[in-house]
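Me: Please take a close look at one part of this structure, the pairing of charged side chains, and then set that part against the rest of the molecule. I would like a careful, connected account.

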Amino acid sequence: MGQGRNLRISERKKPRQARSSELVAAILEAATQVLAQEGATRFTTARVAERAGVSIGSLYQYFPNKAAILFRLQSEEWQRTGSLLGDILRNPQRSGEQRLHDLTLAFLQSECEEAAMRTALNDAAPLYRDAPEVHEARAAGEHIVSHFLREMLPHLPDDECARAADLINSTLGNVGKHFSETPRSPAEIQAYASEMATMFCAWIAGKGAKMHEMHEKRAGKL
């Protein structure tokens with residue numbers, strides 16, 4: 001699966017008409033099916049075109065190579081996850097602790113429900129992981145957690161906030177991948193999510209207490 005580091009993964013052109021949009025949607029649906037059934041190692045543009053019922057030339061009008069298709073699938077998965085987590089973390093009706101518990105539960109449920117597809121996408125990551133578009137897409141998810149941490153810890157320095165957001169995102173991703181490799185019952189998902197959320201909450205509470213103590217010292221109250 002080795003490819004050049006500068007391999008182009010951006011779409012050649014954006015669909016502007018309904019017919020073009022339908023064609024791209026058919027290609028992506030076919031790509032999802034091929035990836036799920038064949039895996040990353042047997043994923044080819046020819047198989048996708050055949051499954052979609054389009055010519056390889058039509059496929060190449062929009063996607064220059066298989067890496068571009070796979071990255072599009074991965075980007076859409078990141079966007080769905082980011083939207084889900086963003087809605088949870090920005091919910092003003094829930095406390096910060098409740099939002100963290102909701103976050104971990106929703107994330108683990110999503111990982112387990114889509115385990116096969118996410119494993120295949122992870123296997124395909126070497127095809128595009130060094131492309132700048134990947135870093136831009138991932139940054140969006142980190143910003144969601146950063147904004148939440150800024151709300152919970154308003155005095156946390158920017159560099160520590162960025163590091164903490166990266167830590168939470170990395171923990172969710174790595175734990176979710178490992179956890180979802182084995183079929184899980186709803187009770188197992190609930191228990192695991194609760195324990196992980198409790199760790200996140202304890203860390204934030206400890207960080208908040210430390211920041212408060214530092215603030216009090218600077219104000220001469222301690």
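Reply: A salt bridge is taken here as a side-chain nitrogen of Lys or Arg within 4 Å of a carboxyl oxygen of Asp or Glu. This is a predicted model, in which local features need pLDDT of at least 70 and side-chain atom pairs count only at pLDDT 80 or more, while totals for chains, interfaces and linings use all residues. Residues are numbered from 1 along each chain as its sequence is written, and side-chain values use heavy atoms, with hydrogens and water left out.

Over the whole structure, the search returns eight salt bridges, and one of them joins the side chains of Glu181 and Lys177, with N and O 3.1 Å apart. Lys177 counts as partly exposed because its relative accessibility is 36% (buried means under 20% relative accessible area, exposed over 50%, and partly exposed in between, with a 1.4 Å probe and protein chains only). Another of the pairs is formed by Glu188 and Arg184, whose closest N and O atoms are 3.9 Å apart. Both partners are classed as partly exposed, Glu188 because its relative accessible area is 36% and Arg184 because its own value is 28%. A further bridge brings together the side chains of Asp102 and Arg94 at 3.0 Å, N to O; here too the partners are partly exposed, Asp102 because it has 25% relative accessibility and Arg94 because it has 31%.

The surrounding fold is helical, since the program assigns nine helices and zero strands to the protein (helices, H or I with at least four residues, and strands, E with at least two, are DSSP runs numbered from the N terminus). Helix H5, which covers residues 96–113, has 18 residues and reaches 26 Å from its first C-alpha to its last, close to the 26 Å expected at 1.5 Å a residue (the expected span is 1.5 Å times one less than the number of residues). Its buried residues include Gly96, Arg99, Leu100, Leu103, Phe107 and Glu111. Helix H8, covering residues 158–180, has 23 residues and spans 33 Å between its end C-alpha atoms, again close to the expected 33 Å; among its buried residues are Cys161, Ala165, Ile168, Leu172 and Phe179. Ala165 lies 9.0 Å from His147, C-alpha to C-alpha, although the two are 18 residues apart in sequence. His147 belongs to helix H7, residues 132–152, and is exposed because its relative accessibility is 60%.

Phe107 also leads to helix H4, residues 66–89, which holds Thr81. Beyond four places in sequence, Thr81 touches Phe107 and Arg118 (a contact means heavy atoms within 4.5 Å), and Thr81 counts as buried because only 11% of its area is accessible in relative terms. The Thr81 side chain also makes a polar contact of 2.9 Å with the side chain of Glu77 (a polar contact is a pair of N or O atoms within 3.5 Å; within protein, one must be able to donate a hydrogen and the other to accept it, and residues adjacent in sequence count only if both atoms are side-chain atoms).

A second threonine, Thr32, sits in helix H1, residues 18–38, and is partly exposed because its relative accessible area is 27%. Its side chain reaches the backbone oxygen of Leu28 at 2.9 Å, and apart from neighbours within four places in sequence Thr32 is in contact with Leu73 and Met117.

For the protein in total, buried residues make up 38% of the 222 residues, and of the contacts between residues at least 6 apart in sequence, 71% join residues at least 24 apart. As for confidence, pLDDT (the predictor's confidence in each residue, from 0 to 100) averages 84, and 83% of the residues score at least 70. Among the elements, helix H6 (residues 115–124) has the lowest mean pLDDT, 77, and helix H2 (residues 45–52) the highest, 96. Over residues 1–6, pLDDT stays under 50, and the model gives this stretch eight contacts beyond four places in sequence. Where pLDDT is low, predicted coordinates should not be read in detail.
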